[in-house]
Amino acid sequence: MPRKIWTGSINFGLVTIPVGLYAATEDHTIQFHQYQRGTTDRIRYKRVNETTGDEVGYNDIVKGREHGDGIITVEQSELDEIAPGRSRTIDISTFVDLGEIDPVHFQKTYWLAPNSKEHYRPYNLLRRAMEQTGQAGIATFVLRGKQYLTAVRADADVLALNTLYFADEIRDPADLVGDQPEQSKPTDKELQMATTIIESMSGEWQPEEYSDTYTERVEELLAEKARGGEVQAAEAPPQPTDVIDLTEALRRSVDEARKGRKPAPSEDLSELTKTELDDRAKQLGIKGRSKMKRAELEQAVAEAGQGSRRAS
């Protein structure tokens, strides 16, 4: 059972629903300690006074920042006193169309669950109502001494709470790309070819098909080093496409995509969903199918199907 990290209530209109907040995700990143090279001695950090070099106890440390010609320090108790919205509520101030929220605003996802069985009815009422309307409730609340802007929305079986970046925390992308020269615009032919590639690689969103291959490689690296084996380097990344070769690279990509979409004579595989294609590949005993893109999967199924027909 996940650990509850916040307890309070959701308020919309005159309805109050006691809820608990739970993390919706977990981090599987491999954690390392630090050691001195050639030894098994751990490296530790100390908090030291940069003037005297003496170690300073945690309780003797205060926060501060430069102000004018001096330093202003504050105690944690002073920060706690002015923390915004110290009540334990998520007050929905307005409902908006979920599709109107730009994904750049989304920060982190949490699950909200009712605190007791008698609160399931109003909880499910709010979830079903937002599910039917496609609306998300915009609210602010305080977690660990910080105020967050949030969007409360309906998920499959629970209410989800997404923390959002405030508008002034979003960088203007125009500052990154600036004024672009006329020759940077793609031609109609290039755009058509790029669209063909995208359409040929299109499929359904199935997150279970993807895995953290880098973490898997790190685990393999550690196991191989424990056995005293030799570490195999990964393939180098592809070189950037030269602007002069862009059209040729697109043309070859389109040709490869069309080959991948070629169906078996008796069946149009392009009509199948990626899940149906995966099931067909499993029946045909095709290996490595979980790492194949849709076009590759179609091609593998078509070729395996032709081979099985020839064999029969």
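On one side of helix H4, Asp188, Gln192, Ile198 and Glu199 are exposed, where exposed means over 50% relative accessible area, buried means under 20%, and partly exposed lies in between (1.4 Å probe, protein chains only). On the other side of H4, Glu190, Met193, Thr196, Ile197 and Ser200 are buried. These buried residues sit on the same side of H4 because they cover an arc of only 125 degrees around the axis, the arc being that of the directions from the helix axis to the C-beta atoms. An α-helix has 3.6 residues a turn, so residues three or four places apart point the same way.

The model is a predicted one, in which local features need pLDDT of at least 70 and side-chain atom pairs count only at pLDDT 80 or more, while totals for chains, interfaces and linings use all residues. Residues are numbered from 1 along each chain as its sequence is written, and side-chain values use heavy atoms, with hydrogens and water left out.

Helix H4, residues 188-200, has 13 residues and reaches 18 Å from its first C-alpha to its last, close to the 18 Å expected at 1.5 Å a residue; the expected span is 1.5 Å times one less than the number of residues. Helices (H or I, at least four residues) and strands (E, at least two) are DSSP runs, numbered from the N terminus. Helix H5, residues 213-226, has 14 residues and reaches 20 Å, close to the 20 Å expected, and just after H5, Gly228 takes a positive phi of about 80 degrees.

Turning to the interior, the largest nonpolar core has 21 residues, and among those with the most contacts inside it are Ile10, Leu21, Phe141 and Leu161. Such a core is a set of buried Ala, Val, Leu, Ile, Met, Phe, Trp, Tyr and Cys residues joined through side-chain atoms within 4.5 Å. Strand E1 (4-12) and helix H2 (120-133) are among the elements that each supply at least two residues of this core, and E1 gives the most, with 4 residues.

Elsewhere, Val56 has its place in the loop between E2 and strand E3 (63-67), and Val56 counts as partly exposed because its relative accessibility is 24%. The C-alpha atoms of Val56 and Lys46, which are 10 residues apart along the chain, are separated by 8.1 Å.
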